[in-house]
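Trainee: Got a minute to go through this one with me? I'd like to work through the packing piece by piece.

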Amino acid sequence: MDKRGSAGDNVLTWNTSYFILGVLFFILAFFWIVGFQDGAARWGDFYAKEISGIIDLAQPEQDIWLDVTPATRIGLKNGKLLSEMFIFNNEDHSVSVSLGPKRGNRFFYFNKVKIVDVRVEAPSGSATTNRLHFKIVEEK
Amino acid sequence: MNNRGTGEALMFFAFMFLILIIAAGIVFGVSSFYGKGYEFRHVEAQLLRDNVLGCFSNNDFFEQGFDFYATCKINEGVIGSDKYLIYIRNLKDEGVFSIGVADYLNQCSFRGAEGNDDFPKCANGTFTKGNDNFYYVFGSNQRGGGVLT
């Protein structure tokens, strides 16, 4: 009787494992696809690359103002805070733009500068315009 | 009786195979619908060219002990990430200054690479400094990536 019980337990364990794996896969696929909703992933990719291009072109002590209204519209709709949408990492020299839940797009810039004073002003410039501001400073 | 459990364990491979097939189908479907990412590599190669050639016109890259990264204000961690090529060759004495993935020099010269997204995007041409002419190739293969927030 003990043997039958252990075999049954084994089957249950495997089925439970498959179920958990299936649920994990479903959750991952769900969040990945949701990232494309409203073009969040595409706009995130676009802004990350364009902002890195601007940084590569920039010189130290420049102030950059950038209209990010389409991005903020999507981000706010997906529950992101303005402060969470554009992240600059001065350690690895990357720009991350996150407009969807739990994920974003990252791109690296090669210009040896630091990014400071990052903020998104909304509304800014006009009643319906949001602007991203950051300052380029020399990296010591 | 324990052999029954072995059968369940073997099903793991079938299960993973099914998951992989479904995942590939989802990725293919989403990619077909939304298209590929924003193509920026060619622009980045041109930006790299402008930055480096601007520095090159004021400095001697072929000088012994020349500190490229510090002088030209280029980040070593990014350029050294195996996604870039900086190649400058003096057409007179064949002196070469090269940083990054040397194979991009070949990949950028393939005629078929122009319309193929699997190849890096490059900016190449010639440049005159003083009495010397230089041939340059700047390549980028940075596609960007996802990050958890």
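**A loop side chain and its surroundings**

Mentor: Let's start with a polar contact: the side chain of A:Asn90 reaches the backbone nitrogen of A:Ile115 at 2.8 Å. Keep in mind that this is a predicted model.

Trainee: Where is the place of A:Asn90 in chain A?

Mentor: Look at strand E2 (86-89) and strand E3 (94-100) of chain A. A:Asn90 also touches A:Tyr109, A:Val113, A:Lys114, A:Ile115 and A:Glu139, leaving aside residues up to four places away in sequence. As for its own place, A:Asn90 is in the loop between E2 and E3.

Trainee: On to the open sheet of three strands in chain A: which are the edge strands?

Mentor: The order is E1-E6-E5, with antiparallel pairing, and the twist averages 20° from one strand to the next. An edge strand here pairs on one side only. That gives strand E1 (63-67) and strand E5 (113-121) of chain A.

Trainee: And which residue in E6(A) does A:Trp65 stand opposite?

Mentor: E1(A) and strand E6 (residues 131-138) of chain A run antiparallel, joined by five bridges. Opposite A:Trp65 in E6(A) stands A:His133.

Trainee: Which strands of the sheet does H2(A) touch?

Mentor: H2(A) packs on the sheet, and its direction makes about 40° with that of E6(A). The strands touched are E1, E5 and E6 of chain A.

Trainee: H2(A) also packs with helix H3 (residues 69-77) of chain A. How are H2(A) and H3(A) placed to each other, oblique or roughly parallel?

Mentor: Their axes are 10 Å apart, at an angle of about 140°. The crossing is left-handed. Since roughly antiparallel needs an angle over 145 degrees, H2(A) and H3(A) are therefore oblique.

Trainee: How many nonpolar residues does that contact of H2(A) with H3(A) have?

Mentor: H2(A) brings A:Ala40, A:Trp43 and A:Tyr47, while H3(A) brings A:Pro70, A:Ala71 and A:Ile74. There are no polar and no charged residues in this contact, and the nonpolar count is six.

Trainee: Now across the chains: how does H2(A) lie to H2(B), roughly parallel or roughly antiparallel?

Mentor: The axes of helix H2 (residues 40-57) of chain A and helix H2 (residues 41-56) of chain B come within 10 Å and cross at roughly 10°. Angles under 35 degrees count as roughly parallel, so H2(A) and H2(B) are roughly parallel.

Trainee: Which residues of H2(B) make that contact?

Mentor: The residues of the contact divide into two nonpolar, two polar and two charged. H2(A) supplies A:Gly53, A:Asp56 and A:Leu57. From H2(B) come B:Glu44, B:Leu47 and B:Asn51.

How values were computed: Residues numbered from 1 in each chain as written. Chains lettered and ligands numbered in written order. Predicted model: local features only at pLDDT ≥ 70, side-chain atom pairs only at ≥ 80, totals over all residues. Heavy atoms only, no water. Axes fitted to C-alpha atoms, helices over the stretch in contact; angles between N-to-C directions. Helix = DSSP H or I, 4+ residues; strand = E, 2+ residues; numbered from the N terminus. Parallel < 35°, antiparallel > 145°, perpendicular 65-115°, else oblique. Contact = heavy atoms within 4.5 Å. Nonpolar A, V, L, I, M, F, W, Y, C, P; charged D, E, K, R; others polar. Pairing = 2+ DSSP bridges. Left-handed = near helix turned anticlockwise from the far one by under 90°. Polar contact = N/O pair within 3.5 Å; in protein donor to acceptor, adjacent residues only side chain to side chain.
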